Amino acid sequence: MEPRVSDNPELSRFEIHTEEGLAGFAEYHLSEGELAFIHTEIDPQFEGRGLGGRLARAALDTARERGLAVLPYCPFIRAWIGKHPEYTDLVPADRRGRFGL
């Protein structure tokens, strides 16, 4: 089974699942057209498989599809955007400096 990412709005987080179960999540706060990422976590047994990157990409792609601005308070999401500048436009231009983008 290919890892899959889904939005779990009841828990305010995107989750990544493998055939072995829940591998990690990216917690968020949704408010007034903005998706603020707060914390991302990959279970240690799943580290080193690139699942954090898959999770970040899918969550940010979903934000783009929904027309939401992204506020990357989470250091992992912020660093991932920094390495993938094609996602920088999701962060409002007037707030990029605050996140070092």
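**Group meeting talk: a five-stranded sheet and two helices**

Hi everyone, let's start with the sheet. It is an open one, with 5 strands in the order β1-β2-β3-β4-β5 and mixed pairing. Before I go on, please keep in mind that this is a predicted model.

So which strands sit at the edges? Those are β1, residues 4-8, and β5, residues 69-72, and each of them pairs on one side only. If you look at how neighbouring strands of this sheet are turned against each other, the average is 30°, with direction ignored.

Now for the pairing itself. As a quick reminder, strands of a sheet pair through backbone hydrogen bonds, either parallel or antiparallel. Both kinds turn up here. β3 and β4 pair in the antiparallel sense, over 8 bridges. In that pair, E27 stands opposite H39 in β4. On to the next pair: β4, residues 34-42, runs with β5 in the parallel sense, and there we have 4 bridges. Two pairs of residues are handy for finding your way on screen: A36 stands opposite L71 in β5, and F37 stands opposite P72, also in β5.

How does the chain get from β4 to β5? It crosses through α1, and this β-α-β crossover is right-handed.

Let me stay with β5 for a moment. Are its faces covered or open? Both are covered: A69 and L71 are buried on one side, and V70 and P72 are buried on the other.

Next, the helices. α1 lies across β1, β2, β3, β4 and β5, and its direction is at about 135° to β2. α2 lies across β4 and β5, running at about 115° to β5.

And how do the two helices meet? Helix α1, residues 51-65, packs against helix α2, residues 75-83, at an angle of about 80°, and their axes are 10 Å apart. With that angle, α1 is roughly perpendicular to α2. For those of you with the structure open, the α1 side of the contact is G52, G53, A56, R57 and L60, while α2 brings F76, I77, W80 and I81. Sorted by class, the contact of α1 with α2 has 6 nonpolar, 2 polar and 1 charged residues.

Last topic: backbone angles, which I suspect this group will enjoy. Two residues to look at here are S12 and E32. S12 is not a glycine, yet its phi is positive, at about 55°. You will find S12 in the loop between β1 and β2. Its relative accessibility is 29%, so S12 counts as partly exposed.

Then there is E32, another residue other than glycine with a positive phi, this time near 45°. Where is E32? In the loop between β3 and β4. Those two strands form a hairpin with 2 residues between them. Is E32 buried or exposed? At 79% relative accessibility, E32 counts as exposed.

To wrap up, here is the picture to take away. We have an open sheet of 5 strands with mixed pairing, α1 lying across its strands β1 to β5, and α2 lying across β4 and β5. The two helices pack at about 80°, and the step from β4 through α1 to β5 is a right-handed crossover. Thanks for listening, everyone!

How values were computed:
Residues are numbered from 1 along each chain as its sequence is written. This is a predicted model: local features need pLDDT of at least 70, side-chain atom pairs count only at pLDDT 80 or more; totals for chains, interfaces and linings use all residues. Side-chain values use heavy atoms; hydrogens and water are left out. Axes are lines fitted to C-alpha atoms, for helices over the stretch in contact, and angles run from 0 to 180 degrees between N-to-C directions. Angles under 35 degrees count as roughly parallel, over 145 as roughly antiparallel, 65 to 115 as roughly perpendicular and the rest as oblique. Contact means heavy atoms within 4.5 Å. Ala, Val, Leu, Ile, Met, Phe, Trp, Tyr, Cys and Pro count as nonpolar, Asp, Glu, Lys and Arg as charged, and the others, Gly among them, as polar. Two strands pair if DSSP finds at least two bridges between them. Buried means under 20% relative accessible area, exposed over 50%, partly exposed in between (1.4 Å probe, protein chains only). A crossover is right-handed if, with the strands pointing away from the viewer, the path from the first strand over the helix to the second runs clockwise.
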